[in-house]
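Me: I would like to learn how to read a two-chain model, one feature at a time. Could you give me the general idea for each feature and then the case at hand?

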Amino acid sequence: MSISLAETFFNIWNSSGFSAMTWQQLLMICVACILIYLAIVKKYEPLLLLPIAFGVLLANLPMADLMAPPPADHSGPGGLLYYLYQGVKLGIYPSLIFLGIGAMTDFGPLIARPSSLFLGAAAQLGIYIAFIVAIILGFDPKEAASIGIIGGADGPTAIFLTSKLAPELLPAIAIAAYSYMALIPMIQPPIMRLLTTKKEREIEMLQLREVSKLERIVFPIVVTIIVCLLLPSVAPLIGMLMLGNLFKESGVVERLNNTAQNALINIVTIFLGTTVGATAVASTFLRPETLKIVALGLLAFIFSTVGGLLLGKLMCFLSGGKVNPLIGSAGVSAVPMAARVSQVEGQKANPANFLLMHAMGPNVAGVIGSAVAAGFFLTMFG
Amino acid sequence: MSIVDALLVSLLGLGVVFLVLISLSILIKILSVVLGYIDNKSDISAGQIISQNGIPGGTIKTESIEIADSGWSAGELKLIGVDEKTAAMIMAIVSDESKIPLSELQFKTIRLID
């Protein structure tokens with residue numbers, strides 16, 4: 001009886017994941033736990049970091065095979081996350097997230113001051129600086145483009161481009177992009193203070209003009225036509241972004257608008273986060289390249305902030321001191337976090353300064369700018 | 001890919017981003033002018049219709065009616081580390097966001113939190 005008990009115990013142990021676990025998987029589970037800690041305790045982009053972290057945990061549990069494709073002889077189904085991952089692989093989730101973002105975004109400040117678009121363009125500088133440095137470090141052009149797009153500070157765009165150009169880098173790029181987006185209040189302020197004078201930060205900007213309903217309705221239609229004709233490869237992102245915005249601004253499809261900005265975006269966020277995390281298996285994640293990607297991501301964020309600020313300074317000079325250059329740093333996307341940072345820094349210099357609405361223009365322009373940059377890379381290397 | 005090629009791709013890429021966004025800004029500017037003209041025209045014709053119906057003063061702005069309805073906030077308000085201009089703005093935002101007219105809201109203290 002005792003022998004059979006020992007045998008049974010031995011069989012259970014052998015068929016369990018504990019016996020099959022490698023030290024790399026154990027390390028990845030620790031990484032997942034750290035990310036869960038950062039999401040829950042430090043509140044670093046918890047909406048995405050928590051599902052990503054749990055996806056990392058699930059994918060590194062031996063013998064669970066949640067990301068396993070179906071066997072070649074079709075003798076059984078694949079893992080749950082394998083099927084959910086098809087939405088990332090085919091570029092469906094990032095586009096649906098953009099639909100929700102469009103439904104939540106107010107493009108009014110951008111329409112009121114179209115010159116905000118220049119700041120949104122300048123704040124893509126980091127993408128190209130990181131691209132050049134990545135090439136120097138030995139990454140191939142597709143990988144370098146995917147790493148560079150971290151500087152767009154736009155998670156769905158980074159995932160969209162990387163899943164098409166360098167899917168093996170997806171987990172590292174997604175984790176770096178969302179981590180740095182969460183760290184924007186720490187990354188940007190020192191650069192903002194370094195590149196601007198106190199006098200510039202104190203500048204109070206004139207109130208924006210009121211934007212008519214007609215302008216708000218025409219805007220998404222025009223942007224879709226122009227951008228998608230110029231860069232057809234970016235049509236899934238811009239098309240969905242503008243469709244969501246048209247839902248919001250038209251005022252005639254309140255139910256669709258509500259669904260897009262609540263239920264749909266939440267459901268897709270769960271699928272996107274979990275499956276992107278699940279691609280972070282030890283063999284692809286525990287490599288020196290991951291550290292390089294993390295460092296390049298930071299470089300991209302820094303230079304994007306610098307690009308926006310420098311053009312902000314130029315606009316300040318050309319306008320005779322009517323533009324506060326702090327709004328330039330908001331051009332890095334990361335809506336609305338980057339705009340809030342501009343507001344906070346502006347108010348520190350001058351308590352009567354209200355830059356939030358002025359910074360929202362470059363902020364939403366950055367979303368379009370990073371999508372255009374992704375479209376350019378897709379055209380070049382896709 | 002060589003560094004020179006990477007540099008060229010980057011310059012081209014940044015150029016494309018600027019080109020697309022500058023084109024958009026010009027288009028938005030043109031649209032604003034055209035749509036503003038159309039809006040003004042429809043405002044004037046609506047004003048004329050109101051005038052013909054015997055209401056003096058031409059056009060009626062809806063915003064002014066909303067402001068008149070919202071009334072005033074009453075009672076004593078303590079401001080701690082906040083100037084009057086900021087306090088007025090906060091009160092207006094709270095009223096707008098909560099959809100409660102200022103006449104039905106009472107603010108006791110507005111304090112600056114460090």
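Reply: Let us begin with the secondary structure of chain B, bearing in mind that this is a predicted model. Chain B has three helices and two strands, and read from the N terminus these elements follow one another as α-α-β-α-β.

Me: How many residues does chain B have, and what share of them count as buried?

Reply: The idea is to compare each residue's relative accessible area with a cut-off, and buried means under 20%. Chain B has 114 residues, of which 22% count as buried. Its accessible surface comes to about 8,300 Å², with 64% of that area belonging to carbon and sulfur atoms.

Me: Which share of the contacts in chain B join residues at least 24 apart, among those between residues at least 6 apart in sequence?

Reply: Here one sorts contacts by the separation of the partners along the sequence. In chain B, 62% of the contacts between residues at least 6 apart join residues at least 24 apart.

Me: How should I read the interface, and how many residues does each chain bring to the contact?

Reply: One takes the residues, the area and the polar pairs in turn. Chain A brings 39 residues to the contact and chain B brings 29, and together the two chains bury about 2,900 Å², 86% of it on carbon and sulfur atoms. Between chain B and chain A the rule finds zero salt bridges, although it does find four residue pairs in polar contact, both residues being at pLDDT 80 or more. On the side of chain B that touches chain A, helix 1 and helix 3 (84–98) of chain B each supply at least two residues, and the largest share of that side, 23 residues, comes from helix 1 of chain B.

Me: Which residues form the nonpolar patch on the surface?

Reply: A patch of this kind joins nonpolar side chains within 5 Å, provided that the residues have over 30% relative accessible area. In this model the patch is formed by A:L214 together with B:I22, B:I26, B:I30, B:V34, B:Y37 and B:I38, with about 610 Å² of accessible area together. Helix 1 of chain B, residues 3–52, gives the most to the patch, with six residues. B:I26, which lies in that helix, counts as partly exposed because its relative accessibility is 47%.

Me: Is A:E249 buried or exposed?

Reply: The same kind of cut-off is applied to a single residue. A:E249 has 10% relative accessibility and therefore counts as buried. It lies in helix 16 of chain A, residues 235–250, and, with residues up to four places away in sequence not counted, it touches A:T105, A:D106, A:K213, A:R216 and A:I217.

Me: Where is A:E168 found, and what does A:E168 touch?

Reply: A:E168 is in the loop between helix 11 (155–165) and helix 12 (170–182) of chain A, and it counts as partly exposed because its relative accessibility is 35%. Apart from residues up to four places away in sequence, A:E168 touches A:E143, A:T284 and A:R287. Its C-alpha atom is separated by 8.9 Å from that of A:A280, although the two residues are 112 residues apart along the chain.

Me: Which residues are in contact with A:A122, leaving aside its neighbours within four places in sequence?

Reply: A:A122 is in contact with A:S304, A:G307, A:G308 and A:L311, and also with B:F18 from chain B. A:A122 is found in helix 8 of chain A, residues 116–122, and it counts as buried because its relative accessibility is 7%. The C-alpha atoms of A:A122 and A:N60, 62 residues apart along the chain, are separated by 40 Å.

Conventions. Residues numbered from 1 in each chain as written. Chains lettered and ligands numbered in written order. Predicted model: local features only at pLDDT ≥ 70, side-chain atom pairs only at ≥ 80, totals over all residues. Heavy atoms only, no water. Patch = residues over 30% accessible without salt bridge, like charges linked within 9 Å, V, L, I, M, F, W, Y side chains within 5 Å. Areas by Shrake-Rupley, 256 points an atom, 1.4 Å probe, with all protein chains shown as cover. Salt bridge = Lys/Arg side-chain N within 4 Å of Asp/Glu carboxyl O. Helix = DSSP H or I, 4+ residues; strand = E, 2+ residues; numbered from the N terminus. Buried < 20%, exposed > 50% of the residue type's maximum accessible area, 1.4 Å probe, protein only. Contact = heavy atoms within 4.5 Å. Buried area = accessible area lost by both parts, 1.4 Å probe. Polar contact = N/O pair within 3.5 Å; in protein donor to acceptor, adjacent residues only side chain to side chain.
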